[in-house]
There are 2 protein chains.
Amino acid sequence: MVDDAEKLIARTPETFKEKQNIDARILHEVREIDLKQRRLRVKKTDTGQTTWEPFEQLLVSTGSISIRPDVPGIDAKGIYGVNTLQSGLNVRRVVDEQQPQKAVIIGGGYIGLEMAEALIMRKLEVSLVERSEQVMNTLDSDMGELVSEALMKVGVKLYRNESLTAFETDNGSVQAVVTDQRTLPTDLVILGMGVQPNTGLAQDAGIPLGVKGAIKVNDLMQTEIEGIWAAGDCAECYHLMRRQPFHIALGTVANKMGRVAGINIGGGYATFPGIVGTAVSKICDVEVARTGLQEKEVQDLGLQYVTGKIESSTRAGYYPDSGRIHVKLLAEKGTGRLLGGQIVGKEGAAKRIDVLATALHAELTLDAMINLDLSYAPPYSPVWDPIIIAARVAVKKL
Amino acid sequence: MVDDAEKLIARTPETFKEKQNIDARILHEVREIDLKQRRLRVKKTDTGQTTWEPFEQLLVSTGSISIRPDVPGIDAKGIYGVNTLQSGLNVRRVVDEQQPQKAVIIGGGYIGLEMAEALIMRKLEVSLVERSEQVMNTLDSDMGELVSEALMKVGVKLYRNESLTAFETDNGSVQAVVTDQRTLPTDLVILGMGVQPNTGLAQDAGIPLGVKGAIKVNDLMQTEIEGIWAAGDCAECYHLMRRQPFHIALGTVANKMGRVAGINIGGGYATFPGIVGTAVSKICDVEVARTGLQEKEVQDLGLQYVTGKIESSTRAGYYPDSGRIHVKLLAEKGTGRLLGGQIVGKEGAAKRIDVLATALHAELTLDAMINLDLSYAPPYSPVWDPIIIAARVAVKKL
């Protein structure tokens, strides 16, 4: 747990000014982008004063917003989306000050999992409602089941294949979550239903949008309007495995996009070729990771594929604190080209996904994977690395 | 610590028989390989009886033996090489039963480091003598220095740039280690001076040897004699980065070679393309990893190169238990082709070397490394993965 929220602020306006001579104006809300006259209408949120600010080059990096379902009671007090530092602080303050007993989390993605962990650690009674068969639906359902089991093991009450239909409220405060199967009384609701690009401002200005309403950009981070750039959660990125534009709201991708946009706006040259779909999370002592394509994506793309799924250990079996690890690989039938991978396991499991991510970038085949000179010593791995074992299982099915 | 040595036995002769119908004869020592008559002279070490056993196909997997320096006193009691389960048990028994106070380790490679850790944990006063400038000379000296510091921090007395010249003995037992600079009184000596291929038997039979006396094999694990195969520490393997045969004594490589030999002897087809030189170790809470070529190897090969060396953290900086990590990358000047990498850091540092090993197999350049979609979440990594930060530093020098 991080006690001091100040530690979570990457850079203050003062640091921006001192280190980079950047005039970072907080509490300034852009209300309108005027593409013709190349200016922004800006409202100072503390004074309410509105001014027009000219620009030559504009980077739109408006991020994303939590998806809020259009159901009765959604505007009640006690319902929190968590995708900004402030929204996280709000939840912490409520937990500290109002000592809620029960929480319901809607959605079993990364935010849902991480909030479940945080609230279980704060001794709340936590329920999680997930409309899919399993939590973490960026994993295949067999791997997602391992995550569902981990949630239940730490005490989360899990309701799968259930959809939110309404919130019951009393005097403007949430009292219960209503699903298509039951009513769950609660003091606190966390929305973990994902995010969407925050692109209302760009859309109003006529900046072309693409996938899922994200701003269309090329690999230089240029929008289709001269001198207008976009980066981060509000923008598209290219999915190297799907070979099409994609929207993903992850900090590491946003940072890469921001770097490329910054270099290009500054007169340099950089490109961001795209992502392979890597993500990691954890629920207490269970680590979860995925990269590339999952089965349903491979099927949607019309590819034939094989899988290799194994259970092994994170360290040599005899080594203290050796834990279980499950690895699943997907590869193209025939060619053996790696298509994706998923890992669920104990400490030391998740970061291994980076081997698979690197292999995807390099378009390695299972034959190559089998012979990778991955590191071995008893504290770190069994003598056959779990990834290689999985590749050996998959290659037999080619 | 592993309490029960039985756990370290991968397979007993009984398991071999039951699971794989393999007749594993322990306590049978091969004394001679007769290539003309295709037979082995075998001595049963319990009875002393000698017989001739015929073969059609022969796999030589005689492993390696600890290098024992040819200095006065080397045959004294109390001097141990550690490269078999039994030799490890011997050291443990001595520590348990004789309660030695002082130990001197000769050599600061993997075995030296691991024995230093083990003996420090057993409360011995441990000295380590290393003839090079730093321990772990498969690292560049700047990275090796970090490991030397880690050793000293846990209480190991470190004597660098010192060479063993003799052992002082009394009544056949070792009393002190003599170097070119001092005399270190001791109760126990561990030889960590590396291993050499155990190929006396093969050599006597006329099986051609290659690098460092290891048995010459091709990528099928065939020796130059029809029907004779070799695998493991006694055999050569191909170094993909050096592009020449090499000898490395590591369990993971030996296992890969054994698998390939077994498939081919059984009438199947498999190849072992080679290694990139990956290895990991640890000294208490400091993890050490390397892959590819180090600076002196790159220089020996006559390549021009750049380096990128950074210090970062294993997790997000604000995350509990975030530790320091040092990453150094070497890449070919001009092309940017990755040549090698070294990592020293706290928990979670070492296994990241696998990303670099995979990148070496795939011949990735620094430009590609910068854009790798490596996993990020605060418990696992800063938002810019340390490997990517190192690649960004190195790429600027191309």
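Lay chain B on chain A and you get an RMSD of 0.1 Å, using a turn of 180 degrees and a shift of 0.0 Å along the axis. The two copies are thus related as by a two-fold rotation axis. In chain B, B:Val355 has the C-alpha nearest that axis, at 2.5 Å. The superposition is a least-squares fit on the C-alpha atoms of residues with pLDDT of at least 70 in both copies.

A word on provenance: this is a predicted model, in which local features need pLDDT of at least 70 and side-chain atom pairs count only at pLDDT 80 or more, while totals for chains, interfaces and linings use all residues. Residues are numbered from 1 along each chain as its sequence is written, and chains are lettered from A and ligands numbered from 1 in the order in which they are written.

Now for the place where the copies meet. Chain B puts 47 residues into the contact and chain A puts in 47 residues, where two residues touch if their C-beta atoms, placed from the backbone, lie within 7 Å. On the side of chain B that touches chain A, the elements giving two or more residues are α6 (251–265), β18 (279–283) and α8 (353–361) of chain B. These labels are DSSP runs numbered from the N terminus: helices are H or I with at least four residues, strands are E with at least two. The largest share of that side, seven residues, comes from α8(B). By class, the side of chain B that touches chain A has 30 nonpolar, ten polar and seven charged residues. Here Ala, Val, Leu, Ile, Met, Phe, Trp, Tyr, Cys and Pro count as nonpolar, Asp, Glu, Lys and Arg as charged, and the others, Gly among them, as polar. Since 100% of the interface residues of chain B are also interface residues in chain A, the copies meet through the same surface.

Next, the layout of a single chain. Chain A is assigned domain 1 (1–55), domain 2 (66–195), domain 3 (199–275) and domain 4 (279–395); such bounds come from an automatic or database domain assignment. The centres of domain 3 of chain A and domain 4 of chain A, taken over C-alpha atoms, are 30 Å apart.

Let's walk along chain B from its N-terminal end. Helix α1 (residues 13–20) of chain B has eight residues and the number buried is zero, so it lies largely in the open. Buried means that 20 or more other C-beta atoms lie within 10 Å of the residue's own, exposed means 12 or fewer, and partly exposed is in between, with C-beta atoms placed from the backbone. Just after α1(B), B:Asn21 has a positive phi of about 55 degrees.

Then come two hairpins that share a strand. Strand β1 (residues 28–34) of chain B runs antiparallel to strand β2 (residues 39–44) of chain B, joined by six bridges; strands count as paired if DSSP finds at least two bridges between them. In this pair B:Glu29 faces B:Lys43 in β2(B). The hairpin has four residues between its strands, and B:Arg38 in the turn takes a positive phi of about 50 degrees. β2(B) is also joined to strand β3 (residues 50–54) of chain B, antiparallel, by five bridges, with B:Lys43 opposite B:Thr50. In that second hairpin five residues lie between the strands, and B:Gly48 in the turn has a positive phi of about 85 degrees.

Further along, five strands make an open, parallel sheet in the order β6-β13-β7-β8-β9 (chain B). Its edges are β6 (79–81) and β9 (157–160) of chain B, each pairing on one side only. The twist averages 20 degrees from one strand to the next. Helix α2 (residues 85–98) of chain B packs on this sheet, touching β6 and β13 (188–191) of chain B, and its direction makes about 145 degrees with that of β6(B). Axes are lines fitted to C-alpha atoms, for helices over the stretch in contact, and angles run from 0 to 180 degrees between N-to-C directions.

Finally, look at strand β22 (residues 338–345) of chain B, where eight of its eight residues are buried. Six bridges join β22(B) to strand β19 (residues 286–292) of chain B, antiparallel, and seven join β22(B) to strand β21 (residues 324–332) of chain B, also antiparallel. B:Gly340 stands opposite B:Gly292 and is the bridge partner of B:Leu330.
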